[in-house]
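Open the model in your viewer and set it to cartoon style. We will go from stop to stop, selecting one part at a time.

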Amino acid sequence: MLSYLIEDGIEVEIIDQRLEKDFFGSVHQRITPDLICIGISCITGPQIEQVIRISAFIRKWTNTPIVLGGPHATLLPHQTLEAAFIDYVVIGRGEAPFLNLVRALKMNASIQGVSRVGYKANGRIVINRGFVPEINVRRIPYSLVSRYGRPLTVPIVSSYGCRYHCSFCVEKVLHPKYYEIPIRDVLFMVEDALRLRPQFINFIDDNFLLNRKRVMEIFSLCQQKSLGFLWICTGRVDEVLRLNDDALRFLKGRGLSAIYFGIESGSLKILKLIRKQITPEMVLKLNLRLRKEGIIPHYSFMAGFPTETREDIEKTIRFMYQLKQENPRAVIWKINTYTPYPGTGLFDLAVQNGFKPPETFEEWSRIHFYSTEYAAPYDACL
Ligand code: B12
Ligand code: SF4
């Protein structure tokens with residue numbers, strides 16, 4: 001997103017709260033009279049507390065507009081703008097909307113026609129939806145984060161969205177349409193990433209292995225260009241089962257080291273409820289196959305789905321142990337609490353079963369995968 005601002009001649013800086021030694025000192029240092037705006041990225045949950053702290057700090061020193069982007073602003077733009085300290089929100093992918101917003105702010109022009117941006121006018125909240133054509137990301141300005149040191153893993157997003165319809169999944173709201181970045185641009189990103197000499201490239205697409213033909217093409221071209229590297233990616237159980245041995249071995253030979261799978265539950269009843277389109281048997285089959293091929297599976301699980309019972313959760317726990325026993329190299333992530341996100345298929349059922357959606361931006365900060373305050377208020381509450 002920031003590469004488009006840079007190409008437009010706008011100076012940008014990233015301050016990473018996780019890595020900065022003196023975060024607030026760094027923010028303070030960069031508050032200068034010529035600032036156009038300050039953008040903050042935020043997901044739903046405790047990060048919101050940080051947005052509140054950071055905004056309060058900024059407001060002590062300057063009235064520079066604060067722009068919120070990322071998953072939470074995309075899910076709830078109107079409610080987010082009700083927070084007094086948020087001046088603008090950017091909805092969905094930020095490349096074109098943020099560039100257009102920054103241009104308008106720089107020129108002191110009207111925001112009225114800027115698509116995918118929300119703002120306040122005369123005390124009223126205005127959300128500009130509209131259509132924004134995709135802009136392809138070719139070059140990532142890694143120099144903006146080089147002061148934080150050499151990365152162990154470099155993430156690459158080569159596609160957005162997913163064609164499946166799991167009813168708990170927020171991707172349908174964040175990226176409603178599946179979109180593939182052209183292969184030649186993916187190769188540019190890979191070449192740039194390799195210059196940083198990472199140990200792994202991580203394809204963090206919503207569902208990297210969705211289009212098998214495309215994935216095979218990417219790695220055939222990497223082979224032709226002699227780009228050898230270790231990589232990890234996201235995938236679905238059914239898709240990997242459909243890959244034949246030759247395809248899987250080819251990908252392993254091109255550096256595929258691990259695949260992240262969302263298994264979610266060991267209970268068939270729950271897998272059906274969430275429309276995952278997989279069964280525990282399929283997972284067990286995949287687990288043995290990946291063991292044989294020497295590819296490490298990472299499995300993640302959830303609990304606290306509406307109508308889930310203690311028995312369902314116990315099935316999940318037993319299943320996690322079984323997967324580890326049958327493939328000792330499998331990585332089993334801890335169980336996360338299901339979070340009902342507005343706009344997803346399962347949200348209404350969660351509300352019918354007792355989930356009380358927060359009514360303000362601030363309240364969403366308490367929606368936490370470990371918190372008990374808003375943890376699933378069902379029979380199965382962990
Ligand atoms: C990589 C990733 C991680 C990594 C982060 C690694 C890192 N070093 O950054 C790790 C593994 C640590 C992680 C952890 C978690 N994650 Co995560 N993660 C992702 C993932 C797969 C990709 C995010 C990413 O970098 N995308 C690439 C960038 C380019 O895209 P983007 O972030 O969407 O940004 C675009 C727009 O949102 C917008 N934008 C974003 N920020 C801003 C800011 C401004 C100012 C503007 C204008 C625009 C803008 O423009 C960008 C360019 O188009 C997403 C899934 C997804 N498909 O987005 C989940 C996702 C963001 N994660 C999610 C969750 C829930 C978590 C965890 C809570 C999981 C858990 N239970 O532990 C933790 C929380 C971590 C924390 N610190 O708070 C959810 C958030 C849901 C929500 N409603 O907010 C997502 C959407 C996954 C999902 N489908 O549920 N995550
Ligand atoms: S959970 Fe995974 S497979 Fe299901 S819709 Fe979301 S991204 Fe696609």
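How do the residues of the shell around ligand 2 divide into nonpolar, polar and charged? This is a predicted model, so keep that in mind at every stop.

**Stop 1: ligand 2**

Select ligand 2 and show what surrounds it. Three cysteines are there: Cys162, Cys166 and Cys169. Add Tyr164, Glu171, Asp206, Asn207, Arg236 and Gly262 to complete the set. Now colour them by type. The shell divides into 4 nonpolar, 2 polar and 3 charged residues.

**Stop 2: ligand 1**

Move to ligand 1. Its surroundings hold 30 residues. Pick out Gly39, Ser41, Gly69, Pro71 and Gly94, which come nearest. Colour this shell by type too. You get 16 nonpolar, 10 polar and 4 charged residues.

Which elements build this shell? Strand 1, strand 2, helix 4 (71–75), helix 6 and helix 7 (171–174) each supply at least two residues. Domain 1 (2–128) and domain 2 (143–381) each give at least three residues to the shell.

**Stop 3: the two domains**

Colour residues 2–128 in one shade and 143–381 in another. These are domain 1 and domain 2 of the domain assignment. Their centres, taken over C-alpha atoms, are 29 Å apart. Where they touch, 22 residues of domain 1 are in contact with 16 residues of domain 2.

Look at the domain 1 side of that contact. Helix 3 (47–61), helix 4 and helix 5 (77–81) each give two or more residues to it. Helix 4 gives the most, with 4 residues. By type, this side has 11 nonpolar, 7 polar and 4 charged residues.

**Stop 4: the sheet of 5 strands**

Stay with the lower residue numbers and find the open sheet of 5 strands. Its order is 1-2-3-4-5, and its pairing is mixed. Which strands stand at the edges? They are strand 1 (38–41) and strand 5 (124–128). Each has a single partner strand, so one side of each is left without a neighbour in the sheet. From one strand to the next, the twist averages 25°.

Select strand 1 and strand 2 (66–69). They are parallel, with 4 bridges between them. Ile38 has Ile66 as its bridge partner in strand 2.

Next, show helix 6 (95–107). It packs on the sheet and touches strand 1, strand 2, strand 3 (88–90) and strand 4 (117–121). Its direction makes about 150° with that of strand 3.

Now go to strand 4 and strand 5. They run antiparallel, joined by 5 bridges. Lys120 stands opposite Ile125 of strand 5. Zoom in on the hairpin between the two strands. It has 2 residues between the strands, and Asn122 takes a positive phi near 50°.

Strands of a sheet pair through backbone hydrogen bonds, either parallel or antiparallel. Turn on hydrogen bonds and trace them for yourself.

**Stop 5: the sheet of 6 strands**

Finish at the open sheet of 6 strands. Read its order as 6-9-10-11-12-13, with parallel pairing. Strand 6 (153–156) and strand 13 (331–337) stand at the edges. Each has a single partner, so one side of each lacks a neighbour in the sheet. Neighbouring strands are turned by 20° against each other on average, direction ignored.

Last, select strand 11 (256–264) and strand 12 (296–303). They pair in the parallel sense over 6 bridges. Label Tyr260, then find His298, its bridge partner in strand 12.

Definitions and conventions. Residues are numbered from 1 along each chain as its sequence is written. Chains are lettered from A and ligands numbered from 1 in the order in which they are written. This is a predicted model: local features need pLDDT of at least 70, side-chain atom pairs count only at pLDDT 80 or more; totals for chains, interfaces and linings use all residues. Two strands pair if DSSP finds at least two bridges between them. Axes are lines fitted to C-alpha atoms, for helices over the stretch in contact, and angles run from 0 to 180 degrees between N-to-C directions. Two residues are in contact if their C-beta atoms, placed from the backbone, lie within 7 Å. A residue is near a molecule or strand if its C-beta atom, placed from the backbone, lies within 6 Å of it. Ala, Val, Leu, Ile, Met, Phe, Trp, Tyr, Cys and Pro count as nonpolar, Asp, Glu, Lys and Arg as charged, and the others, Gly among them, as polar. Domain bounds come from an automatic or database domain assignment.
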